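Biologist: Please choose a single part of this model and take me through it closely, step by step, with the surroundings that help to place it. I would like to know how its pieces are joined, and what lies against them.

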Amino acid sequence: MMEKLSLHTEIPREEGGSLWCSYRLLCEADPETGLPAYGIECSLEGMREPQLPLNRAVVRGISPREEVVEQMIWSLARGQALPVHIADIVYDLLG
């Protein structure tokens, strides 16, 4: 798996302070075709247990088209999406 792009955003919290969220464009070989398949990893930085589902999400094999997934990442970062919502948002964007 290779990281192709990484965006970071600061998300203000209602109770004060903020969260630092990273969105990464991932590229890995599709297991069936061997061709590149692009996915997204989203994680909250600096969390005590970064592997918890609320703190990290990975959606693999979204599209063979890098630009499609890159646009999704920009949209997620602009919308300040949290890891817990990434899969649902991606599937909604795919229609």
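Modeller: Two strands are taken to pair if DSSP finds at least two bridges between them. This model is a predicted one, and the part I have chosen is the sheet. On that footing, β2 and β3 pair in the antiparallel sense over nine bridges. Strands β1 and β2 also run antiparallel and are joined by 10 bridges. In general, the strands of a sheet pair through backbone hydrogen bonds, and the pairing may be either parallel or antiparallel.

Individual bridges help in following this on the display. Between β1 and β2, L5 stands opposite L25 in β2, and H8 stands opposite S22 in β2. S22 can then be followed across to the other side, where its bridge partner in β3 is S43. Another bridge into β3 is that of C27, whose partner there is Y38.

The connections between these strands are hairpins. In the hairpin of β1 and β2, five residues lie between the strands, and G16 takes a positive phi near 105 degrees. E14 belongs to the loop between β1 and β2, and with a relative accessible area of 84% E14 is exposed, because the cut-off for that class is over 50%. To place this loop against a more distant point of the chain, the C-alpha atoms of E14 and V58 are 26 Å apart, with 44 residues separating them along the chain. The hairpin of β2 and β3 has six residues between its strands, and G34 in its turn has a positive phi of about 80 degrees. A29, which is found in strand β2, touches G34 and L35, leaving aside residues up to four places away in sequence. A29 is exposed, at a relative accessible area of 53%, and its C-alpha atom is 25 Å from that of V84, 55 residues apart along the chain.

Taken as a whole, the four strands form an open sheet in the order β1-β2-β3-β4, with antiparallel pairing. Because β1 and β4 stand at the edges, each has a single partner strand, so one side of each is left without a neighbour in the sheet. From one strand to the next, the twist averages 15 degrees. Helix α2 packs on this sheet and touches β2, β3 and β4, with a direction that makes about 20 degrees with that of β4.

The other helix to consider is α1, residues 66–78, which has 13 residues and reaches 18 Å from its first C-alpha to its last, close to the 18 Å expected at 1.5 Å a residue. Its buried residues are V69, M72, I73, L76 and A77. They cover an arc of only 130 degrees around the axis, and so lie on the same side of α1. An α-helix has 3.6 residues a turn, so residues three or four places apart point the same way. What covers these buried residues includes the strands β1, β2, β3 and β4, together with α2.

Beyond α1 comes Q80, placed in the loop between α1 and α2. Q80 has a positive phi of about 55 degrees although it is not a glycine, and at 32% relative accessibility it counts as partly exposed.

The cysteines deserve a careful word, since a biochemist may wish to know whether any are joined. A disulfide is here a pair of cysteine sulfur atoms within 2.5 Å, and by this rule the count comes to zero. C27 is in no disulfide, and the nearest cysteine sulfur to it, that of C42, is 19 Å away. At 11% relative accessibility C27 counts as buried, because the cut-off for that class is under 20%. C42 is likewise in no disulfide, although the sulfur of C21, the nearest to it, is 3.4 Å away. At 0% relative accessibility, C42 counts as buried.

Methods: Residues are numbered from 1 along each chain as its sequence is written. This is a predicted model: local features need pLDDT of at least 70, side-chain atom pairs count only at pLDDT 80 or more; totals for chains, interfaces and linings use all residues. Side-chain values use heavy atoms; hydrogens and water are left out. Helices (H or I, at least four residues) and strands (E, at least two) are DSSP runs, numbered from the N terminus. The expected span of a helix is 1.5 Å times one less than its number of residues. Buried means under 20% relative accessible area, exposed over 50%, partly exposed in between (1.4 Å probe, protein chains only). The arc is that of the directions from the helix axis to the C-beta atoms. Contact means heavy atoms within 4.5 Å. Axes are lines fitted to C-alpha atoms, for helices over the stretch in contact, and angles run from 0 to 180 degrees between N-to-C directions.
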